[in-house]
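Trainee: I'd like a close look at one single part of this model before I go back to the bench. Could you take me through it slowly, and then show me how the rest of the chain fits around it?

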Amino acid sequence: MPEPLLISLAAICVIVGVIGTVAPILPGVPLCWAGLLILKFVPSVKDGVSWVIIVILGIITIGVTILDNILPMWGTQKMGGNKKVVWGATIGLLVGFFLGPLGIIFGPFVGALVGGLLSGSKFMLATKHATGAFIGYISGLIIKLITVGLIVFFFVIALL
């Protein structure tokens with residue numbers, strides 16, 4: 001495959017991965033890492049990033065992806081929530097994605113709150129459950145953003 005095509009494919013993976021870091025449907029961190037991996041196979045760029053960095057970032061990517069799925073549930077459970085609260089947070093995130101940045105940030109909280117209320121919890125208890133889901137979601141988002149920032153850093157350094 002010609003180099004410009006490989007570089008373009010790698011860049012597209014990284015760009016879509018950055019978007020996927022906040023978008024609930026796209027696997028952002030794995031896509032970014034895939035872009036860095038593709039860049040490693042570009043002959044004129046292959047020495048820009050070592051295999052050690054790629055492997056370390058790959059391991060971090062796996063860990064972050066697992067954590068991202070666990071943290072909202074863990075936060076919800078720590079605050080006494082149930083599966084309806086977690087499902088509410090997930091649906092809130094999906095709906096919030098279409099409402100812009102504030103929707104992405106507050107959608108999980110509102111969804112978890114609705115899930116808590118639908119499960120029969122009183123408002124204050126549902127708010128506590130939603131707070132746990134929100135803290136878990138924000139924690140996962142911060143970890144993903146840091147990881148994607150590292151991947152983008154090494155991607156740009158490799159291209160320079």
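Trainee: Where is the place of Leu-26, in a helix or in a loop?

Mentor: Happy to walk you through it. Leu-26 sits in the loop between α1 and α2 (28-40). Helices here are DSSP runs of H or I with at least four residues, strands are runs of E with at least two, and both are numbered from the N terminus. Before we go further, please keep in mind that this is a predicted model, in which local features need pLDDT of at least 70 and side-chain atom pairs count only at pLDDT 80 or more, while totals for chains, interfaces and linings use all residues. Residues are numbered from 1 along each chain as its sequence is written, and side-chain values use heavy atoms, with hydrogens and water left out.

Now for the surroundings of Leu-26. With a relative accessible area of 35%, it is partly exposed; that class lies between buried (under 20%) and exposed (over 50%), using a 1.4 Å probe and protein chains only. Not counting residues up to four places away in sequence, Leu-26 touches Val-16, Ile-19 and Gly-20, where a contact means heavy atoms within 4.5 Å. One of these partners, Ile-19, belongs to helix α1 (residues 3-22) and is partly exposed at 46% relative accessibility.

Leu-26 and Ile-19 also share a surface feature. Together with Ile-15, Ile-25 and Leu-94, they form a nonpolar patch with about 460 Å² of accessible area. Patches are built from residues with over 30% relative accessible area and no salt bridge; nonpolar side chains (Val, Leu, Ile, Met, Phe, Trp, Tyr) are joined within 5 Å, and like charges within 9 Å. The areas come from the Shrake-Rupley method with a 1.4 Å probe, and for residues only the protein chains shown count as cover. As a marker of distance, Leu-26 and Gly-88 are 62 residues apart along the chain, and their C-alpha atoms are separated by 19 Å.

Let's step back to the whole chain. The chain has six helices and zero strands, and its C-alpha atoms fill a box of roughly 60 × 30 × 20 Å along the principal axes. Of its 160 residues, 39% are buried. Carbon and sulfur atoms account for 81% of an accessible surface of about 8800 Å². Among contacts between residues at least 6 apart in sequence, 63% join residues at least 24 apart. As for confidence, the chain averages a pLDDT of 88, and 99% of the residues score at least 70; pLDDT is the predictor's confidence in each residue, from 0 to 100. Among the elements, α2 has the highest mean value (95) and helix α4 (residues 83-97) the lowest (84).

Helix α4 gives us Ala-89, which is buried at 8% relative accessibility. Leaving aside neighbours within four places in sequence, Ala-89 is in contact with Pro-108, Gly-111, Ala-112 and Ala-133. In helix α3 (residues 51-78) you will find Thr-61, buried at 5%. Beyond residues up to four places away in sequence, Thr-61 touches Val-29, Pro-30, Trp-33 and Ile-151.

A charged pair is next. Side chains of opposite charge can pair when their charged atoms come close. The whole structure has one salt bridge, meaning a side-chain nitrogen of Lys or Arg within 4 Å of a carboxyl oxygen of Asp or Glu. Lys-144 and Asp-68 make that bridge, at 3.4 Å from N to O. It links distant parts of the chain, with Lys-144 in helix α6 and Asp-68 in helix α3, 76 residues apart. Lys-144 is buried at 10% relative accessibility, whereas Asp-68 is partly exposed at 21%.

Finally, the cysteines. There are zero disulfides, a disulfide being a pair of cysteine sulfur atoms within 2.5 Å. Cys-13 is unpaired because the closest cysteine sulfur, in Cys-32, is 8.8 Å away, too far for a bond. Cys-13 is buried at 13%, and Cys-32 is buried at 0%.
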